[in-house]
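Colleague: Please take a close look at one single part of this model, beginning with one position in a loop. I should then be grateful for a connected account that leads from that position to the rest of the chain.

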Amino acid sequence: MFNIEEFDIKLDTDYIGRNFIYSDEVESTNSLLLQSKDFNQDGAVLLAEFQTQGRGRKNREWISNSGQNLTFSILLNSEFKDHKINLINFCACIAVAQAIENLYQLDVELKWPNDVLIHKRKIAGILLESISKASKIVKVVVGIGINVNQPNFPGKFDIVPTSIRKEFHEIVSREKLLSEVLNNFETNLNILKKSPKKIIDLWKSRSKMIGEKIKIVEDDKIKLGIFDDIDENGFLILKQGDKKEKIYYGDVGLRER
Ligand code: BTN
């Protein structure tokens, strides 16, 4: 069972997670927050012990054992609604990385656009979704799945999964981890307001692929080049000879040297 009191004691935010909704089972915390008219408070967090239709990027499934991990979504519906969405995604990736580094001293790598890795294995994924009206974004939902205490991951995956328990060799407190992630996320959003460049730099400092030869898979297209940089909106800049191209989405992998 998730101990809401233990989580609440450690929560040190102004608005993120102040409206906290806990649920045993939902289809997807992202879908519920996006669709619900009842949960509208800026910064509301919905945590579910189990998702029957947890989703990842590109409509992939997000599979997570019941009660062992963290699967939750954060609603943003005020001043960030027009902000560059990719940078909010970066704020969340960095928040998860900082929490894992601070609490368990593990070396975390961020992989563009939304993966959090330890020893090249996936520890967490982030899925940002939004609702627009007349081309204006009115609601952003930041969905985060963190593999916390799951001991093993049967099945086939694009990136091999791992958990904090597997890397840290101990069962850890989900309550402490969630409050730490939310504290960091709010801090990062505040940094983003003042200095988007700082957020890009924090993200880049945890990326191990910049400057490397990479392969980008966009649906059925493959692009090869060098991971040159991240632009001011959080997009990847791919260098192919003298040419530079912006990559808006896709899966990035390292190429054999
Ligand atoms: C990815 O790695 O592609 C992103 C995975 C995001 C999973 C989280 S779990 C909570 C939230 N609800 C969902 O259905 N998905 C996100």
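Modeller: Histidine 169 is exposed, because 8 other C-beta atoms lie within 10 Å of its own, and a residue counts as exposed at 12 or fewer. Please bear in mind that the whole model is predicted. Histidine 169 sits in the loop that joins α4 (164-168) to α5. Its backbone deserves attention as well: phi is positive, at about 65°, although the residue is not a glycine.

A second loop position invites the same kind of reading. Asparagine 59, which belongs to the loop between β2 and β3, has a phi near 60°, again a positive value in a residue other than glycine. Asparagine 59 is also exposed, since 6 other C-beta atoms are found within 10 Å.

A third loop, the one between β4 and β5 (115-118), holds proline 113. Here the notable feature is the peptide bond from tryptophan 112 to proline 113, which is cis, with omega near 0°.

From the loop that holds histidine 169, the chain continues into α5, which spans residues 174-194. Three residues there or close by in number, Glu175, Leu178 and Ser179, are in contact with phenylalanine 7, when neighbours within four places in sequence are left aside. Phenylalanine 7 itself is part of helix α1 (residues 4-10). Phenylalanine 7 counts as buried because it has 22 C-beta neighbours inside 10 Å, where 20 or more are required. Its C-alpha atom is separated by 25 Å from that of glutamate 129, a residue 122 places away along the chain.

The next helix is α6 (196-204). Its buried residues are Ile199, Ile200, Leu202 and Trp203. Seen down the axis of α6, these residues fall within an arc of 160°, so they line one face of the helix. The other side of α6 carries Lys197, Lys198 and Asp201, which are exposed. An α-helix has 3.6 residues a turn, so residues three or four places apart point the same way. As for partners, the buried residues of α6 pack against α3, β4 (108-111), α5 (174-194) and β9 (221-230).

Helix α6 leads on to the division of the chain into domain 1 (4-204) and domain 2 (213-254). The C-alpha centres of the two domains are 25 Å apart. Between them, 11 residues of domain 1 are in contact with seven residues of domain 2. On the domain 1 side of this contact, α3 (85-104) and α6 (196-204) each supply at least two residues. That side comprises six nonpolar, two polar and three charged residues.

Helix α3 reappears in the interior. The largest nonpolar core has 63 residues, and those with the most contacts inside it are Cys91, Ala92, Cys93, Val96 and Val142. The greatest contribution to this core comes from α3, with 12 residues. Domain 1 (4-204) and domain 2 (213-254) each provide at least three of its residues. For alanine 92, the contacts beyond four places in sequence are Ile126, Val142, Ile144 and Phe185. In soluble globular proteins, nonpolar side chains tend to be buried together.

Leucine 47 offers another buried position for comparison with the loops. This residue lies in strand β2 (residues 45-51), and it counts as buried because 21 C-beta neighbours are inside 10 Å. Not counting residues up to four places away in sequence, leucine 47 touches Phe2, Tyr22 and Phe72. The C-alpha atom of leucine 47 is 6.7 Å from that of serine 73, although 26 residues separate them along the chain.

The ligand site remains to be described. The ligand is surrounded by 20 residues, of which the closest are Ser28, Gly56, Gly125, Gly143 and Gly145. Four elements each supply at least two residues of this shell: α2 (29-35), β3 (70-76), β6 (121-133) and β7 (136-146). By class, the shell has five nonpolar, 12 polar and three charged residues.

To return to your starting point, histidine 169 is an exposed residue with a positive phi, in the loop between α4 and α5.

Conventions: Residues are numbered from 1 along each chain as its sequence is written. This is a predicted model: local features need pLDDT of at least 70, side-chain atom pairs count only at pLDDT 80 or more; totals for chains, interfaces and linings use all residues. A residue is near a molecule or strand if its C-beta atom, placed from the backbone, lies within 6 Å of it. Ala, Val, Leu, Ile, Met, Phe, Trp, Tyr, Cys and Pro count as nonpolar, Asp, Glu, Lys and Arg as charged, and the others, Gly among them, as polar. Domain bounds come from an automatic or database domain assignment. Two residues are in contact if their C-beta atoms, placed from the backbone, lie within 7 Å. The arc is that of the directions from the helix axis to the C-beta atoms. A nonpolar core is a set of buried Ala, Val, Leu, Ile, Met, Phe, Trp, Tyr and Cys residues joined through C-beta atoms within 7 Å.
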